[in-house]
Amino acid sequence: MSKLKQNLLDFSFDELQTFCISNNLPKFRATQIWRWIYCFGTQLFHEMKNISKSDKAFLDQIAYVPRLNVSEIYESKDGTIKWLVKLDDNSEIETVYIPQDDRGTVCLSSQVGCTLNCSFCHTGTQALVRNLTAGEIIGQLMLVMDHLKDWPSGKNGRKVTNIVMMGMGEPLLNYEEVSKSIKIMMSDDGISISRRRITLSTSGIIPYIDKAGTDLGVNLAISLHAVNDPLRNKLVPINKKYNLQELINTCRNYPNLSNSRRITWEYVMLRGINDTEDDAKNLVKLISGIPSKINLIPFNPWPGSFFETSTKQSIDNFAKIVMDAGFASPVRKPRGQDIYAACGQLKSETEKIRKSQINKLVPLHTI
Ligand code: SAH
Ligand code: SF4
């Protein structure tokens, strides 16, 4: 695709409008184009029926609506689908679709790799890191909708109902592009996914947490994983910069928290590291008074990782303590583990693991 043409997926609605005006197109063309792109999944201007022939031809010369290049699609026994996407600079990211009884969730990446090096996370071991553009973030959602034939976007029984920013990367270290793409997903005139169905997960980049709550109003998930600073410094090293108490205080003030709008605390269960009954009791104390859900994630192993998943017994004990304290505490069932699509397993180098090998892997813990 010619670099001289403008990629329209990189535009907010306002930017699209400015683009139309500055190219002497009527302002209302922006609304029409936006609907074709985001309600109907249309890529070609000549298929945009209510646009004049001459404007279609002109748009063809100055703009384009791309799709990301998919290099592999993996499908798990449990229905989870993972796409390995090759970007224009040849770097790679992964996108996951997780079907459940009452919803279909797309897990989006926000960066190529991640700079934060959490010790239990495969993504953090990837050398190459860069921010994704808004077009690359929204493009992941569009490729999933294409694959699932989920256009037009507002139809009954849509397959993509929820979005989690829980793929590769730290979304709050790429705030501008992430917030732009989330606004595109939420646009009523487009993909129209409600803020209540979008969750942004962060390891705790404090300066952007309140901003995300105010600007976007999406659900917040915090990758907590430890309840004291010395351990959290080791597991989630960004804690050395933004410590636990500051993080908790920031979350306590997250806009519009209520019983129907709670913070999700993600807690990866690492055998012998953070999974004792005392840890569970301290967790309860730490978040007391904050409308909360706790999401216990059995550690998902990856090649070369040196942690182990907690035993079922210690996960059950831990869950019971937090539930007895009045917090909802679902244990997250690993999804797509056989295709390396589970939390923390995403790393673009998965293509180096031969497919034959992937097919032989069996989920280690199914709870
Ligand atoms: N960077 C963001 C979002 C992506 S990670 C964040 O850290 O919040 C999504 C969740 O998976 C995070 O809670 C992360 O800590 C967790 N995770 C990472 N590696 C994991 C692993 N190997 N097993 C289970 N969960 C993991
Ligand atoms: Fe980055 Fe999140 Fe992985 Fe930590 S857990 S390395 S913040 S992707």
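Two strands count as paired if DSSP finds at least two bridges between them. Helices (H or I, at least four residues) and strands (E, at least two) are themselves DSSP runs, numbered from the N terminus. With that in hand, let's look at the sheet.

This is a predicted model, where local features need pLDDT of at least 70 and side-chain atom pairs count only at pLDDT 80 or more, while totals for chains, interfaces and linings use all residues. Residues are numbered from 1 along each chain as its sequence is written, chains are lettered from A and ligands numbered from 1 in the order in which they are written, and side-chain values use heavy atoms, leaving out hydrogens and water.

**The sheet**

Nine strands make up an open sheet with mixed pairing, in the order β3-β4-β5-β6-β9-β10-β11-β12-β13. β3 (69-75) and β13 (292-298) sit at the edges with a single partner strand each, so one side of each has no neighbour in the sheet.

At one edge, β3 and strand β4 (residues 81-86) run antiparallel and are joined by six bridges. Here V70 stands opposite V85 in β4. The two strands form a hairpin with five residues between them, and G79 in the turn has a positive phi of about 95 degrees. At the other edge, strand β12 (residues 263-269) runs parallel to β13, with seven bridges joining them. One partner pair there is I263 and S292 in β13.

**Odd backbone spots**

Most residues other than glycine have a negative phi, and most peptide bonds are trans. Which residues have a positive phi although they are not glycine? N90 and S192 are two of them. Relative accessible area sorts residues into buried (under 20%), exposed (over 50%) and partly exposed (in between), using a 1.4 Å probe and protein chains only.

| Residue | Phi | Loop | Relative accessible area |
|---|---|---|---|
| N90 | near 75 degrees | between β4 and β5 (92-99) | 55%, exposed |
| S192 | about 55 degrees | between α5 (175-186) and β10 (198-202) | 30%, partly exposed |

There's also a cis peptide bond from W151 to P152, with omega near -5 degrees. P152 lies in the loop between α4 (134-147) and β9 (162-165).

**A buried glutamine**

Q32 belongs to helix α2 (residues 28-38). Is Q32 buried or exposed? At 15% relative accessibility, Q32 counts as buried. Leaving aside neighbours within four places in sequence, Q32 is in contact (heavy atoms within 4.5 Å) with N50 and I51.
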